[in-house]
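Hi,

Here's the structure I promised to pass along. Have a look first, and my notes on what turned up are underneath.

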Amino acid sequence: MPKKANPVPKDHSQLCLQYLSRCGGSARLCTINFSLSVIQTLVNQRRVKITNTGAGFFVELDEAK
């Protein structure tokens, strides 16, 4: 019997957005377990932004939509 395909997309950007929304909209960049290319894709699409608080870098959902 053939195995069922896993519905996980190659681009994990949607999973990253779900993770950020569960974390209250922001998370420390060093604690996120997604690749930098996924985060860079979301920044390029203007769906998240990176802020430097002086105590570290945070990835935040962009609420400008």
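**Notes on the model**

Let's start with Asn 52, which sits in strand E2, the stretch covering residues 48-52. Bear in mind that this is a predicted model. The side chain of Asn 52 has a polar atom 3.0 Å from the backbone nitrogen of Gly 54. Asn 52 is also 9.9 Å from Arg 28, C-alpha to C-alpha, with their positions 24 residues apart in sequence.

Arg 28 leads on to the sheet. Its bridge partner is Phe 58 in E3, and E1 and E3 (residues 57-61) run antiparallel, joined by 3 bridges. Taken as a whole, the sheet is open and antiparallel, with 3 strands ordered E1-E3-E2. E1 (26-28) and E2 are the edge strands, each pairing on one side only. On average, neighbouring strands are turned by 25 degrees against each other, direction ignored. Helix H1, residues 13-22, packs on this sheet and touches E1, E2 and E3. The direction of H1 makes about 100 degrees with that of E3.

Now the cysteines. How many disulfides does a search of the whole structure find? The count is 0. Cys 16 is in none, and the nearest cysteine sulfur, on Cys 23, is 9.4 Å away; the cut-off for a disulfide is 2.5 Å between sulfurs, so that pair doesn't qualify.

Is Cys 16 buried or exposed? Cys 16 counts as buried because its relative accessibility is 0%. Cys 30, on the other hand, has a relative accessible area of 63%, so it is exposed.

Cheers

Key: Residues numbered from 1 in each chain as written. Predicted model: local features only at pLDDT ≥ 70, side-chain atom pairs only at ≥ 80, totals over all residues. Heavy atoms only, no water. Helix = DSSP H or I, 4+ residues; strand = E, 2+ residues; numbered from the N terminus. Polar contact = N/O pair within 3.5 Å; in protein donor to acceptor, adjacent residues only side chain to side chain. Buried < 20%, exposed > 50% of the residue type's maximum accessible area, 1.4 Å probe, protein only. Pairing = 2+ DSSP bridges. Axes fitted to C-alpha atoms, helices over the stretch in contact; angles between N-to-C directions. Contact = heavy atoms within 4.5 Å.
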